[in-house]
Amino acid sequence: MADAATFLDELRPFRRGEIALARRAVGDPMFMLPADLECLRYAIRLAQISTIGSEPDALIDRIGSFRLRLLQLLAPVLPTEPERIDARDLHALLPKVVRLVDEARALVVRGGLADEAALDLEIAHKRLVLVLGGAAGSGYVFLGALVRLEEMGLRPAYQVGCSIGSLLGVIRGRRPVFDLEELLEDIRLLRATAVFRPARLFARFGLPAALRLDLHRGLDPLFTNADGSPLRLRELAIPTDVLATGLGAGALLNTSGDFARMVDAELSGAQALRELPGSVLARAVSALVALAMSRRALVPVFFGADAETAELPALDAVGFSTAIPALLQYDLENGDSEAVRILARIFREHRLTALVDGSVASIVPARYAFEAIEAGRIGTRNTAIVALDAFASSSGANAIFTPALRALAGTAHRDKPFWDLHVAFRRPPPLLDLFPTEARLRSATTHGEREFEPTARLLRALLAPLRPWRELRTAS
């Protein structure tokens, strides 16, 4: 198991090298003999593995010398700029690379950490991890990425989401297969069943705001098991975890009720939210900025990554993650005793006053995905973490949110080292179009597909499976 420092110092250079090789192969599929390229990819993937299996082991230390020697060998000839990679230089070093891999594999097998077949299986398949960032209605542009990945047969092994990314993530995670038409129907249900309700000045776990969000009214039929129990995070077909933000002591300068009064317009639903006057939105933006600047009083709450919070109903985890301060409030409505117990324990332990939108803690929570993977969340560490970011643009209808976007973007530097690929969508829908019409959703999907396409081509090369080492060794 690798901690953040070990990852950045010892493993990340190999992840960057593998991505550079994939980019070079996409640009020129014949730049190198396929068998030679596979050998190099095998060596680079082996150097990235910290543990085999769900439980931590001694692999990262046992092959530490291998990583160092491989890095010294490849660093001069494997720059991160794909166009500078020379196949002749790599080919010349291949015999030394093969010897290093042979020695490292022998250490792993003799140490009882894995047999050859298990080691080959771990390295052969790099799993896709999606990090769906927070962006309110702008996040619907992510649908284009989901559609394109499904068309290519690339399905995520793990998802992490915050804000709208958590909603799309749990809807995507309900089933192994992604169906855009089904998701559009889910959003239509939300829009048609009046998911917004009048505000309350009291909240048990949420923060009072202009409107209350009721996901259960629209989506309960889709997130209820046959026995009538709510679908919990641990029951999703694709492992999906959700980030919310806990407000600790000092996060709120005024009383929590002041947030409900901050947007003093008469709101009755999604349409009214989209049509808020600029002066009202400016007050909401100021509230977001104030919270985002209270870093020391914010507590990231990561639902699903541990056994206890994995018992939360998926819709409730999403509800808290999508609760935009001053605009949207979420709280437990159905009295689920297990959910109450879990949240009460978290509130006591961290001395929280409320839960709000996960993007306040991290706008693109890639580090949380990395840490969960290293802790054994999906049983493999051979992953490609792809971050989807709809906060990259603050033009058009989103211009008024520029101050909040800049404040929230301050979290990105903590996450950037932990994503492998970052997709910054430049043409997202408006932030406040929370449950858009089908026409708008289809338009967002089309734009998203177009912007995601270069990453899709790269992923096909990056995730391509590898043959067993003995077969590769013979072929090269």
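In helix 16, the buried residues are A366, Y368, A369, F370, A372, I373 and E374, where buried means under 20% relative accessible area, exposed means over 50%, and partly exposed lies in between (1.4 Å probe, protein chains only). The helix runs over residues 366-374 and is mostly covered, with 7 of its 9 residues buried. Helices here (H or I, at least four residues) and strands (E, at least two) are DSSP runs, numbered from the N terminus. Just after helix 16 comes G376, with a positive phi of about 100 degrees.

Before we go on, a word on what you are looking at. This is a predicted model, in which local features need pLDDT of at least 70 and side-chain atom pairs count only at pLDDT 80 or more, while totals for chains, interfaces and linings use all residues. Residues are numbered from 1 along each chain as its sequence is written, and side-chain values use heavy atoms, with hydrogens and water left out.

Now step back to the whole chain. It has 20 helices and 10 strands, and 59% of its 476 residues count as buried. Its accessible surface comes to about 18,600 Å², 53% of which belongs to carbon and sulfur atoms; such areas come from the Shrake-Rupley method with a 1.4 Å probe, and for residues only the protein chains shown count as cover. If you take contacts (heavy atoms within 4.5 Å) between residues at least 6 apart in sequence, 83% of them join residues at least 24 apart.

Helix 7 is another covered element. Because 9 of the 10 residues in this helix (residues 142-151) are buried, the rest of the structure largely encloses it. The buried set is F142, L143, G144, A145, L146, V147, R148, L149 and E150. Just after this helix, G153 takes a positive phi of about 75 degrees. On the other side, in the loop between strand 1 (127-132) and helix 7, sits A136. Its phi is near 50 degrees, a positive value in a residue other than glycine. Most residues other than glycine have a negative phi. A136 counts as buried, at 10% relative accessibility. R351 also has a positive phi without being glycine, near 55 degrees, and is found in the loop between helix 15 and strand 8 (354-356). At 69% relative accessibility, R351 counts as exposed.

Next, the charged side chains. Side chains of opposite charge can pair when their charged atoms come close. A search of the whole structure finds 36 salt bridges, each being a side-chain nitrogen of Lys or Arg within 4 Å of a carboxyl oxygen of Asp or Glu. One of them joins E38 and R467, at 2.9 Å from N to O. E38 lies in helix 2 (residues 34-48) and R467 in the loop between helix 19 (438-462) and helix 20 (469-475), so this pair ties together parts that are 429 residues apart in sequence. E38 counts as buried at 12% relative accessibility, while R467, at 29%, counts as partly exposed.

Another salt bridge is found in helix 15 (residues 337-350), where E349 and R345 are 4 residues apart and so separated by about one helical turn. Their side chains meet at 2.1 Å, N to O, and R345 counts as partly exposed at 24% relative accessibility. Both belong to a network of salt bridges that links E308, E338, R341, R345 and E349. E235 and R234 form a salt bridge as well, with their closest N and O atoms 3.9 Å apart.

A124, in helix 6 (residues 116-124), shows another link across the sequence. A124 and L466 are 342 residues apart in sequence, and their C-alpha atoms are 4.4 Å apart in space. Leaving out residues up to four places away in sequence, A124 touches R45, A464, P465 and L466. At 8% relative accessibility, A124 counts as buried.

Finally, look inside. The structure holds 4 cavities of 30 Å³ or more. On a 1 Å grid over the protein atoms alone, a cavity is a set of points where a 1.4 Å probe fits but cannot get out, and lining residues have an atom within 4 Å of a point. The second largest cavity has a volume of about 110 Å³, a volume being the space filled by probe spheres set on the points. Of its 13 lining residues, the closest to its centre are I164, L213, T322, L434 and F435.

Conventions
On a 1 Å grid over the protein atoms alone, a cavity is a set of points where a 1.4 Å probe fits but cannot get out, and a pocket is an open set with protein on both sides within 12 Å along at least five of seven lines; lining residues have an atom within 4 Å of a point.
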